[in-house]
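Work through the exercises below with the structure open. Try each task before reading its solution.

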Amino acid sequence: MKPEVEQFNLAESLVRGHLRDIPRQVRCADCLARELHLPPSDVGPILAALADRQPPFAAGRCGCGVTGLMYC
Ligand SMILES: [Zn+2]
């Protein structure tokens, strides 16, 4: 597996795990990146990939007013 793919999978599992820990709370890419200490440019594509794979992820509005995802 290519290193950038492994990196993506690691970041993706962090994002998935974090959303699962806060069910029904919407997080946008920027807020997730801040909470997980990941680059926002990494989190954006991950959220997009998870949104395509819903459920269990559903779109919603983050506390900061931007569209994001929640686990439900
Ligand atoms: Zn936000």
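The exercises that follow use a predicted model.

**Exercise 1. Helix packing**

Task: Classify the crossing of helix 2 and helix 3, and give its handedness.

Solution:
- Step 1. Take the geometry. Helix 2 spans residues 29-36 and helix 3 spans residues 40-52. Their axes come within 8 Å and cross at roughly 125°.
- Step 2. Apply the cut-offs. Angles of 65 to 115 degrees count as roughly perpendicular, and those over 145 as roughly antiparallel. The crossing angle of roughly 125° falls in neither class, so helix 2 and helix 3 are oblique to each other.
- Step 3. Add the hand. The crossing of helix 2 and helix 3 is right-handed.

**Exercise 2. The contact surface**

Task: Which residues of helix 2 and helix 3 meet, and what are their classes?

Solution:
- Step 1. List both sides. Helix 2 brings A29, D30, L32 and A33. Helix 3 answers with P40, V43, G44 and L47.
- Step 2. Sort by class. The contact has six nonpolar residues, one polar and one charged.

**Exercise 3. The core**

Task: Locate the largest nonpolar core and say which elements supply it.

Solution:
- Step 1. Start from the general expectation. Nonpolar side chains in soluble globular proteins tend to be buried together.
- Step 2. Count the core. The largest nonpolar core holds 13 residues. Those with the most contacts inside it are V15, L19, A29, L32, V43, L47 and L69.
- Step 3. Assign the elements. At least two residues of this core come from each of helix 1 (3-21), helix 2, helix 3 and strand 2 (67-71).
- Step 4. Zoom in on L47. Leaving aside residues up to four places away in sequence, L47 touches A29, G68 and L69.

**Exercise 4. Positive phi in loops**

Task: Where do R24 and H37 lie, and are they buried or exposed?

Solution:
- Step 1. Recall the background. Most residues other than glycine have a negative phi.
- Step 2. Read the angles. Phi is near 65° for R24 and near 55° for H37.
- Step 3. Place the residues. R24 is in the loop between helix 1 and helix 2. H37 is in the loop between helix 2 and helix 3.
- Step 4. Check exposure. A residue with 12 or fewer C-beta neighbours within 10 Å is exposed. R24 has 10, so R24 is exposed. H37 has 7, so H37 is exposed.

**Exercise 5. A residue of helix 1**

Task: Is E4 buried or exposed, and how far is its C-alpha atom from that of L14?

Solution:
- Step 1. E4 lies in helix 1.
- Step 2. E4 has 8 other C-beta atoms within 10 Å, so E4 is exposed.
- Step 3. E4 and L14 are ten residues apart along the chain, and their C-alpha atoms are separated by 15 Å.

Technical notes: Residues numbered from 1 in each chain as written. Predicted model: local features only at pLDDT ≥ 70, side-chain atom pairs only at ≥ 80, totals over all residues. Axes fitted to C-alpha atoms, helices over the stretch in contact; angles between N-to-C directions. Helix = DSSP H or I, 4+ residues; strand = E, 2+ residues; numbered from the N terminus. Parallel < 35°, antiparallel > 145°, perpendicular 65-115°, else oblique. Left-handed = near helix turned anticlockwise from the far one by under 90°. Contact = placed C-beta atoms within 7 Å. Nonpolar A, V, L, I, M, F, W, Y, C, P; charged D, E, K, R; others polar. Core = buried A, V, L, I, M, F, W, Y, C linked by C-beta atoms within 7 Å. Buried ≥ 20, exposed ≤ 12 C-beta atoms within 10 Å, placed from the backbone.
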